[in-house]
Every structure is written in structure tokens, then in C-alpha cells.
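Here is my note on the two-chain model you sent round, arranged as numbered points. Please read the points beside the coordinates.

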Amino acid sequence: MATHIDAAGVHYTPLNQQVRTAVAAGETEIVLDHVLGQRFIADGLVGEVTITVNGVPGGDLGMFMRGPTVVVHGNAEHAPGNTMEAGTIVIHGSAGDAVAHSMRGGKVFVRDDIGYRGGIHMKAYHEKRPYLVVGGDARSFLGEHMAGGTILLLRLNATGSFAERGLASGIHGGEVFIRGEVDDRCLAVGAVRMPFEEEDRARIRPLVEEYCRYFGADVGAILAGEYTRIGPESTRPFAGKYTWE
Amino acid sequence: MTIGSVPLRYKVTIDPERCMECGRCIENCPYGTFRKEGDRIIVAVSRNCTACHRCIAMCPRDAISVVERPVDYRSHPLWTPEAREAIYNQARTGKIILAGMGNALPLPSIFDRLLLDACQVTNPSIDPLREPMELRTYLGKKPSKLAFRRTETGDVELETKIAPNLMIETPIMIGHMSYGAISLNAQLALARAVHETGTFMGTGEGGMHPDLHPYQDRLIVQVASGRFGVDIDYLNRGAAIEIKIGQGAKPGIGGHLPGEKVGPDVSRTRMIPEGSDAISPAPHHDIYSIEDLAQLVRSLKEATGWRKPVFVKIAAVHNVAAIAAGIARSGADAVVVDGFRGGTGAAPKVFRDHVGIPIEAAISAVDQKLRDQGVRNEVSVIASGGLRNAADVTKAIALGADAVYIGTAALVAMGCRVCGTCYRGLCPWGIATQRPDLVARLDPVLEGEHVANLIHAWTMEISELMGAAGINAIESLRGNRDRLRGYMLDEGLLQVLDVRTVGA
């Protein structure tokens, strides 16, 4: 039996305290009802728990989080998954800017669109690999300064090629998959097109399957499309920039 | 002409009368300046010398000397040798010049033109040997007023909730120098020193190596734009958290640790792959406004249960006072202001030498603005950037700082000669290097004692200076500009500093 918490009119600190208390008591299912703009939900939260957010959470949802699954039935604000370490965020809607900013592990699934700077400075280390999967579209600076991990942009309702500027500027690790074509002029400094082979399709299959499991779409139809794969020109983008005094 | 063939920067000589061919200079120089030739040691490549003095320190016979600029250029007041050589360098490479340590231009120091006061006859000075001198400082928010409540038993209880503060026994802390920029042994030495002297040090943006965990109660953990090494455990370990927005040595730009310094241990601590550049973007990409900063401050507090003070560090730039006033309203507990003389392992020379303003003016302007707006109690002010001695610290406090960070001074205490070649990663003193044989040269126990000695010595000097001025508590020194006089400073600067001229 899940713990229900009514978030109506509750400030984020007491709300998070109720969540932490429930998690500490061993609760594995928490439902937050009437969420309206409360920031920092599951901020720094550690544990194996599923938190269902009914409503629209505020910024930095799941920041520094390690382990929990957060399912949002609504849109999310600025930077869900910011500097997140492990766990899953599933957003049944759209999200704001800087989604998955500096994320180093876990997965973020957004059913619809995200704003600017999605997956900016995501990074990977050994077994820690972050994944950002977006069903709709993304704005400029997607994957900028990216140092590791995977961004998968499905553009399910888009027509025409991806045309947002500053794509993966300064990328020095990780990869960005975009379903369909990408305008050449979008590729920023340090970002290069890489071949998309059948083995790459096999690698993104589990992500597409997970997306479809959450949001109910046709795996085969999505996977069948053409994809553009973008990666780093070098792991040392600034190696040749300096001379010693 | 081959534009690469500039004159020698340093000329190294060995006095053959004194040299006993022990070979310590060869072993100690990682730049390959010396060589054995037959049964003699010769200076093979004087050009490789950085004037780090490691060979001189290790020579048992005082046989080595180093002379700077042994070759004269035609003298010219504008076209200095440095100006010409920078052009030769960039004409050859077409690149940005990378430099180490702080601002290297011969700009006048404001601290040196501020003079401290002392008592004579009336209002006698205080002898710190006899009277207790109160140097203990609390960093963090202070309530604007206190509310009390009487309990049923008649006792009086404090009703006001006091925000967490850091208690320091001396106003001197050690600033943020990351593992990666400096070695683990250097960080361990600093950690031992702050543990010993009751103060704190910063981790820098490099995460916290497990060997530092025993000292974590004395560490301020940094969250910078790359978020390297930042996870919930790291945040919970620190005594306080510092958001780094900018740095005095390179305001407005990010930083990057070159891949060759990202070995297995640095890789683990920063949580990035080995050999990859560690790139900290210029801005935090989740902070594009003062409201966003407030969000990060609160997010860090929320993640750590509102138990830790959160500092925000900025470089001293033209509008530093207005920026600090914004930070005071962001929920931050302290603002760190880093002046244009602040040190660094590596910065573009053009930034190091030309961007930012002096810490003296910045601190005074920040303190004044916060007081004018009635929010001085909302944040502590920490000054850093080129503080060389106890007098600089005392003057910074009299200009309005609560405490200071030192960086270069602490490294000099461990042997650093300010050669400014940190970016090469070959520091012969084991400080700014990750090469195991060089790191092993730095004994954390011994150098920790040296740094602690320095902090003790400066703390004693501050007590003496305060006593001489008839002040027995650091609160009475803070912002006490009446104890400063400006010597040969112009009227505009005296106004900014809110200090009168000597004789007035």
C-alpha cells in the first residue's frame, strides 16, 4: 500500500521531509498528489523507492538523486535530473531547460519536448552512464560540453530535419542520437557525425523499448527510422589551444 | 631571423670549485637542466630552467646560481622584454599564452599603501600576552534580531532559529586548490594544517580523495560548473559547501584540467574517464540569473538538510558590490571575493594580467554596499587573492572582510618558489604535479607543520597588531577603516576604500 502525501500548499522542505521520513521507514511506493511548483523533489534522495508525482513539480527535480524512480504525471520545470547519480525520472509531458544537466548516472525519459541545453555536460565514469531519452523535440545547445553518456532524441512528431543550433558544442565524450536528419550547420565545434550501424540500432533498442513501455508507442516503427549519430572529434577539444608562457 | 630563438630567461651556473659531483641537481631537476659529462656535472640546457630553486635547495655545497635575464634587450619603457617575447611566442604558435600563478604585471599594491594605526599615550595599547585577544570568528548568517520566549518554568529560551555557521579560531582559511591542480600530498599537508589550527580549507573542484576523509570536518567542498566529484556523499561530508562562480586569476572563463593530468586517482575522484580533459564551462549552465543562483543555493541546502552553510565565490570584477548584494539575497551564507592577484595553476596570461580588480577595493565596496542595503548580516565576506602576510590579512579585515582565504602563501610555506610553471605538471616541490616520484618529495606531515606554523605566526601577528591598536576582539577590527590611512593613494580610491589620507 503506497504512502499518499497531499502536497497542496506545502513548501518543498516539509514535503521532502515527509518523503525522506517515509523512505527511512522503508516505504517503497510514495504518491505525491496536487504537486504545484514545489522545487527539489527527491533532491539528494538515496534509496530504492518509486515516487509518483501528480501535478507539475518545480525546478531541480531529482537533483543529486541516487536510486529512486520518479514518475511525473505532468510537465516538469527547469533541470530535472540535474547532477543526478542513479535512478530513473519519467516525465509524462514536457520539461524545461537544462534537463539532465551534468547528470552522471541513471535515466531520464521525457515523453514530449525539452527546452534549451538538454543533457549539457552529462558525463560518464566506469559503470556510471547517464541516459536522456526525449520523445519530442529539443532546442539549442543539446549535449553541449558533453563528456559521456547517451542522449536519444526521437522527434516523434517532428517534420523536417533537426535545425537547432549549437548541437553538442565542445562535446568530448558520449554520443547523441537523433532520429532523422540533422542540418550540417547545427553541428557545433568539436561535434562530428559518426556512422550509424546496425549495432548502434541494437544499442538504442533497449532505450526505445523502455520509452515505449512508459508512454505506449510502437517500438518497431520508431526503431525502423534513420538516425543521425553525433560524437566527439576528440576527448581533448582544447589540447591545441594554448602555448606556454 | 628565427623567431623562436629568444634570449635565455635564466642562466644557471655551477661553480666548479664548489661542486662535489654528488648529482643531486640532476636527480632533482625534472626539466633536464643538468647532465653528467665524464666526471663533471654541467649545465646542459640553461633554457630549461624555471627558477624553481629545487637544485639550489638540494645542493649541499651552494655551488649553483641562477641569474634572471642574463641577456639585455635594448631597453625600452613600453616594449619590455616580456612584451617582445609574448609576440615572438604567438607569432610562432598562433595560440593563447598559458601562464601560472597570479598577476605578473608590476602594478602597485594597494595594501602597501594602506598603513595601520597604533595607540600612543591616550587609549593605551593592549598587551596580548596579558589580555585575551578574541580572534574566533563565525562565518554565516546572523539574525537581524533575536526573539526570546519564557518557558513554563520561568527560564528564557531563544526562539530565533540560528542558521548554521562555521567557527574558526583564526580569520585565516586556506582557499580552494583542487586535487588535480595540486597533489594529494599537498592537499593532505593543508588538511593537517587546518585541522591543527582550527580553521578550514577548500577542496576545489576536484572531488574529495578518500585519504582526505579523516579531515572532512575541516573541508569546504566546492561545487563548480563542471560538477566534478559532486555527489550526495561529497556534499554531506563537507563542513560547508561553496559554489564557485568565478576566480580572481581568470574571471569570466571556465577552466580545464588537461587530460595528461587525469590519471587513475584524479579520474576516480573527479568521476571522469582517464586521459579526458576535465572541462569546467565558463558559466554554470543551470545558473543564468541571480534567481537560478538562489535555486542552486537552496538545492544544496535542501539536499543536505539545511545543516551546512553555503558560500558563493566570485571574482572581483567591476560591479562586484552589486553582484555581492544579489548573492546576499540568494540565501547564501557567505560571499567569497577573489581579487585580481589570485593565484592559479593555469590561466590565459591575458586574463591573469588584465581582468578583474584589486581585492582591497572590492572588499571595501562589497562591505559598504551590503551595509547600505541593510543585508551585511545576511552574509559573511571572505577576501582572497594575493594576501602575503599578516598585515594584508589585518588590512583586509579592517576594510570589511570577516575572514580571508590564502592560497599561494600556503604553497610557499610548503616550498613553492612562485616560479609560475604549475601548468607544466612537473612541480619539483611535489605541489602542482601528479607524477608519483615528484609527489613523493612532499612530506605531508612536515609540510603540514610548516603551513600550521605560518597560520600560527600570522595569527599571533594579527593579535599584536590588534593589541597595538587597542582592539581586543576581531569584531572591533572588522570594517574599522578608522584604523587605516592611505599613503599616496588618489582621492577617488580613498573614497572607494572609505579611508582617510595619512595625516588626516
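1. Two strands are taken to pair if DSSP finds at least two bridges between them, and helices (H or I, at least four residues) and strands (E, at least two) are DSSP runs numbered from the N terminus. This is a predicted model, in which local features need pLDDT of at least 70 and side-chain atom pairs count only at pLDDT 80 or more, while totals for chains, interfaces and linings use all residues. Residues are numbered from 1 along each chain as its sequence is written, and chains are lettered from A and ligands numbered from 1 in the order in which they are written.

2. In chain B, three strands form an open sheet in the order 6-22-23, with mixed pairing. Strand 6 (114–116) and strand 23 (500–501) of chain B are its edge strands, each pairing on one side only. Strand 22 (residues 484–486) of chain B runs parallel to strand 23 of chain B, and two bridges link this pair; B:G486 stands opposite B:T501 of strand 23. Helix 11 (residues 390–398) of chain B packs on this sheet, where it touches strand 6 and strand 22 of chain B, and its direction makes about 95° with that of strand 6 of chain B. Contact here requires that the C-beta atoms of two residues, placed from the backbone, lie within 7 Å; axes are lines fitted to C-alpha atoms, for helices over the stretch in contact, and angles run from 0 to 180 degrees between N-to-C directions.

3. Chain B also holds a closed barrel of eight strands, which runs 11-12-13-14-17-18-20-21 with parallel pairing. Within the barrel, strand 11 (residues 172–176) and strand 12 (residues 201–202) of chain B run parallel and are joined by two bridges, and B:I174 has B:M201 of strand 12 as its bridge partner. Helix 7 (residues 290–303) of chain B packs on the barrel sheet, touching strand 13 (219–223), strand 14 (240–244) and strand 17 (310–315) of chain B, and its direction makes about 145° with that of strand 17 of chain B.

4. Which residues touch the most other members of the largest nonpolar core? That core has 198 residues, and the ones in question are B:V320, B:A324, B:V335, B:V337 and B:V404. A nonpolar core is a set of buried Ala, Val, Leu, Ile, Met, Phe, Trp, Tyr and Cys residues joined through C-beta atoms within 7 Å; a residue is buried if 20 or more other C-beta atoms lie within 10 Å of its own, exposed if 12 or fewer, and partly exposed in between, with C-beta atoms placed from the backbone. Not counting residues up to four places away in sequence, B:V337 has contacts that include B:I314, B:V320, B:I359 and B:V381. A second, separate core has 11 residues, among them B:C25, B:C49, B:A63 and B:I64.

5. The contact between the chains takes 41 residues from chain A and 32 residues from chain B. On the side of chain A that touches chain B, helix 1 (12–24), strand 8 (147–153) and strand 12 (242–244) of chain A each supply at least two residues. Pairing also crosses between the chains, since strand 12 of chain A and strand 5 (residues 96–99) of chain B run parallel and are joined by three bridges, with B:I96 as the bridge partner of A:Y242. B:S299, in helix 7 of chain B, touches A:F40, A:D43, A:D60 and A:M63, not counting residues up to four places away in sequence; with 25 C-beta neighbours inside 10 Å, B:S299 counts as buried.

6. Two residues deserve a look at their backbone angles. Most residues other than glycine have a negative phi. A:H121, although not a glycine, has a positive phi of about 60°; A:H121 lies in the loop between strand 6 (106–110) and strand 7 (130–134) of chain A, and is buried, with 30 other C-beta atoms within 10 Å. B:E21 likewise has a positive phi, near 55°, in the loop between strand 1 (10–14) and helix 1 (24–28) of chain B, but B:E21 is partly exposed, because 16 other C-beta atoms lie within 10 Å.
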